[in-house]
Amino acid sequence: MQPVVAVPLRQMGRDEAITLVFRREHARMVSYARLLVDDLPTAEDVVQEAFTGLYRHWSRLKDEYAAGAYLRTAVVNGARSHLRRRRTLTAFRQVRPDDAPSAESIAVRSEDCRGLVAGLARLSLRQREVLVLRYFFDLSEAQIAHELNISRGSVKQHASRGLTALGTRVRAGT
């Protein structure tokens with residue numbers, strides 16, 4: 001039996017390489033996006049756009065490890081855009097008392113993470129980004145600072161304040 005040799009992504013064809021990256025990263029990216037936007041269908045749309053961008057810009061990536069960083073950055077930027085649009089729509093839309101979440105969206109949320117997701121949704125976007133990158137992707141402060149284009153001190157500050165606010169909200173059940 002011959003040993004399996006991993007072929008670097010850059011030596012594969014674009015379609016084959018992106019298919020491999022998709023299989024490896026899709027579920028994590030959807031979970032990541034869901035933590036940022038708190039809505040599964042929107043999270044899936046954000047991730048789909050990120051993979052579309054990866055496909056279009058594949059030849060510009062410097063190395064095979066850049067695909068994960070590209071996807072994380074694209075998901076963060078897509079989530080920000082969606083949240084800006086959501087805020088604008090909410091500001092101009094009259095809220096009706098009969099507006100309620102669909103049964104499907106309620107069923108998708110598990111009881112185990114409801115409090116955490118609700119707490120994350122109430123944090124500032126930057127705090128949410130830092131906490132998700134730190135604890136979901138297990139990135140270092142330096143990596144987070146690079147991904148979000150902020151200083152390490154800002155990463156520490158947003159993480160500390162976010163954890164404090166999240167802990168208070170989760171304990172209070174709000």
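In this predicted model, helix H1 (residues 14-37) and helix H2 (residues 40-56) have axes that come within 8 Å of each other. The two axes cross at roughly 145°, and the crossing of H1 past H2 is right-handed. Two packed helices are described by the angle between their axes and the distance between the axes.

The contact of H1 with H2 involves many side chains. On the H1 side, the residues include Ile18, Val21, Phe22, Met29, Val30 and Val37. On the H2 side, they include Leu40, Val46, Val47, Phe51 and Leu54. Charged residues take part as well, among them Arg14, Asp15, Glu25 and Arg34 in H1, and Glu44 in H2. By class, the residues of this contact divide into 14 nonpolar, two polar and five charged.

**Aromatic pairs**

The count of aromatic pairs comes to three. Two of these pairs are described here. The rings of Phe22 and Phe51 have centres 5.0 Å apart and planes at 65°; since an angle over 60° counts as edge-to-face, that is the class of this pair. Phe22 belongs to helix H1 and Phe51 to helix H2, so the pair ties together parts that are 29 residues apart in sequence. The two partners differ in burial class: Phe22 is partly exposed at 39% relative accessibility, while Phe51 is buried at 8%.

The rings of Tyr32 and Phe137 have centres 4.6 Å apart, and their planes stand at 85°, so this pair is edge-to-face too. Tyr32 lies in helix H1, and Phe137 lies in the loop between H6 and helix H7 (141-148), so the pair ties together parts that are 105 residues apart in sequence. Tyr32 is buried, with a relative accessible area of 0%, and Phe137 is buried at 8%. Together with Phe136, Tyr32 and Phe137 form one aromatic cluster.

**Two residues away from the surface**

Met29 is another residue of helix H1. Its relative accessible area is 0%, and because buried means under 20%, Met29 counts as buried. Leaving out residues up to four places away in sequence, Met29 touches Val47, Gly68, Leu71, Arg72, Val75 and Phe137. One of these, Leu71, is 42 residues from Met29 along the chain, and the C-alpha atoms of the two are separated by 7.6 Å. Met29 also appears in the contact of H1 with H2, as does Val47.

Glu129 lies in helix H6 (residues 125-136). Is this residue buried or exposed? Its relative accessibility is 1%, so Glu129 counts as buried. The side chain of Glu129 makes a polar contact with the side chain of Arg80, at 2.8 Å. Beyond its neighbours within four places in sequence, Glu129 is in contact with Leu36, Val76, Arg80 and Leu148.

**Residues with more accessible area**

Asp45 lies in helix H2. With 45% relative accessibility, Asp45 counts as partly exposed. The C-alpha atoms of Asp45 and Gly78 are separated by 8.9 Å, and these residues are 33 residues apart along the chain.

Most residues other than glycine have a negative phi. Which way does the phi of Asp138 point, positive or negative? The phi of Asp138 is near 55°, a positive value. Asn149, also not a glycine, has a positive phi of about 60°. Asp138 sits in the loop between H6 and H7, whereas Asn149 sits in the loop between H7 and helix H8 (152-172). Exposed means over 50% relative accessible area, so Asp138, at 58%, counts as exposed. Asn149 is exposed as well, with a relative accessible area of 71%.

The table collects the burial of several residues.

| Residue | Relative accessible area | Class |
|---|---|---|
| Tyr32 | 0% | buried |
| Phe51 | 8% | buried |
| Phe22 | 39% | partly exposed |
| Asp45 | 45% | partly exposed |
| Asp138 | 58% | exposed |
| Asn149 | 71% | exposed |

**The chain as a whole**

The chain has eight helices and zero strands. From the N terminus on, its elements run α-α-α-α-α-α-α-α. Of the 174 residues in the chain, 33% are buried. Among the contacts in the chain with a separation of 6 or more, 66% come from residues 24 or more positions apart.

Conventions: Residues numbered from 1 in each chain as written. Predicted model: local features only at pLDDT ≥ 70, side-chain atom pairs only at ≥ 80, totals over all residues. Heavy atoms only, no water. Axes fitted to C-alpha atoms, helices over the stretch in contact; angles between N-to-C directions. Helix = DSSP H or I, 4+ residues; strand = E, 2+ residues; numbered from the N terminus. Left-handed = near helix turned anticlockwise from the far one by under 90°. Contact = heavy atoms within 4.5 Å. Nonpolar A, V, L, I, M, F, W, Y, C, P; charged D, E, K, R; others polar. Buried < 20%, exposed > 50% of the residue type's maximum accessible area, 1.4 Å probe, protein only. Polar contact = N/O pair within 3.5 Å; in protein donor to acceptor, adjacent residues only side chain to side chain. Phe/Tyr/Trp six-rings, centres within 6.5 Å; stacked < 30°, edge-to-face > 60°.
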